[in-house]
Amino acid sequence: MKSNVGQRTRAFARVLGPFFTIITVVVILRASDMRQLLTEFTASDVWPWVTGAFILMGGIAIVAFHQYWRGAPAIIVSVLGWLLVVRGILLIAFPNVFASVADRMVGATGAWTVAYILMALIGLYLTYVGWRPGKQDDELHISIDLPRAA
C-alpha cells in the first residue's frame, strides 16, 4: 500500500508541480495585465461558470484519487485538491463575490507577489518530488504480460 501512496503522490506532483510553477511565474511576469484580465474575465457570466466548472472537476479528481495525508508532498497535493474544489464552487456559485474579492486583491501587488513566489516554490518542490530519479521510477511503470506471438 505504501508504494501506491508514493506512486500516486508522485504522479500528481508530476502534473501539479510544473503547472503551478509555470502559472505563477507567468502571473508574476504579467502582473501589470492582471486588472485587465480580471475585467475581461468578469465581463461575462460565462467565463466564471466554465472556469469554475473545470476547476471544480480538477479539484474533485485530485480529492477522489489522492486521499493521502502522510508526508509533505502528499499533504500539499491533498490541500491543493481541496483548495481547487473550494475555488471552483466559489466561482460557479458566487461569481460576483469572487470577482469583488479578486478586484480588491489585484491592487495588493506586494502581498500577491510574495504569495505567488511561495506558490512557485511549492510548484518547484512538487516538480522535484514528481520527476526526481530514483528507485521509485521502476514502481511507476506498469508492465503488462502479453502472450508471445512466436
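## Isoleucine 60 and its neighbour

Let's start with isoleucine 60, which sits in helix α3 (a helix is a DSSP run of H or I with at least four residues, a strand a run of E with at least two, numbered from the N terminus). Is isoleucine 60 buried or exposed? Neither, quite: isoleucine 60 counts as partly exposed, because its relative accessibility is 45% (buried is under 20% relative accessible area, exposed is over 50%, and partly exposed is in between, with a 1.4 Å probe and protein chains only). Tryptophan 82 is 22 residues away from isoleucine 60 along the chain, yet the two C-alpha atoms are separated by just 7.7 Å.

What you're looking at is a predicted model, so local features need pLDDT of at least 70 and side-chain atom pairs pLDDT 80 or more, while totals for chains, interfaces and linings use all residues. Residues are numbered from 1 along each chain as its sequence is written, and side-chain values use heavy atoms, without hydrogens or water.

## The overall build

What does the secondary structure come to? The protein chain has seven helices and zero strands. Read from the N terminus, the elements go α-α-α-α-α-α-α. Out of the chain's 150 residues, 25% count as buried.

## Helix α4 on the inside

Now for a couple of buried residues. Valine 77 belongs to helix α4, and valine 77 counts as buried because its relative accessibility is 0%. In sequence, valine 77 and isoleucine 62 are 15 residues apart; in space, they are 7.7 Å apart, C-alpha to C-alpha.

Alanine 74 is in helix α4 too. Its relative accessible area is 3%, so alanine 74 is buried. Its C-alpha atom is separated by 8.7 Å from that of alanine 13, although their positions lie 61 residues apart along the chain.

## The largest pocket

Next, the pocket. The largest pocket has a volume of about 1800 Å³ (on a 1 Å grid over the protein atoms alone, a pocket is an open set of points that fit a 1.4 Å probe, with protein on both sides within 12 Å along at least five of seven lines, and lining residues have an atom within 4 Å of a point). Which residues are closest to its centre? Of the 46 that line the largest pocket, they are Ile23, Val27, Arg87, Phe98 and Tyr116. Two or more lining residues come from each of α1 (2–29), α2 (34–42), α3 (46–65), α4 (72–93), α5 (95–106) and α6 (109–131). The most come from α1, which gives ten. By class, the lining of the largest pocket holds 38 nonpolar, six polar and two charged residues (Ala, Val, Leu, Ile, Met, Phe, Trp, Tyr, Cys and Pro are nonpolar, Asp, Glu, Lys and Arg charged, and the others, Gly among them, polar).

Val27 deserves a second look. Valine 27 is part of helix α1, and valine 27 counts as buried because its relative accessibility is 16%. Tryptophan 112 is 85 residues from valine 27 along the chain, with 9.9 Å separating their C-alpha atoms.

## A nonpolar patch

On the surface, Val86, Leu90, Phe94, Val97, Val101 and Met105 make a nonpolar patch of about 480 Å² (patch residues have over 30% relative accessible area and no salt bridge; nonpolar side chains are joined within 5 Å, like charges within 9 Å). Helices α4 and α5 are the elements that give two or more residues to the nonpolar patch. The most come from α5, with three.

Valine 86 is placed in helix α4. Valine 86 is partly exposed, because its relative accessible area is 45%.

## One salt bridge

How many salt bridges are there in the whole structure? A search finds one (a side-chain nitrogen of Lys or Arg within 4 Å of a carboxyl oxygen of Asp or Glu). Arginine 30 pairs with aspartate 33, and their closest N and O atoms are 3.1 Å apart. Side chains of opposite charge can pair when their charged atoms come close.

Arginine 30 is partly exposed, because its relative accessible area is 38%. Aspartate 33 has 30% relative accessibility, so aspartate 33 counts as partly exposed.

Definitions and conventions:
Grid points are joined across faces, edges and corners, and a volume is the space filled by probe spheres set on the points. Accessible areas come from the Shrake-Rupley method with a 1.4 Å probe; for residues, only the protein chains shown count as cover.
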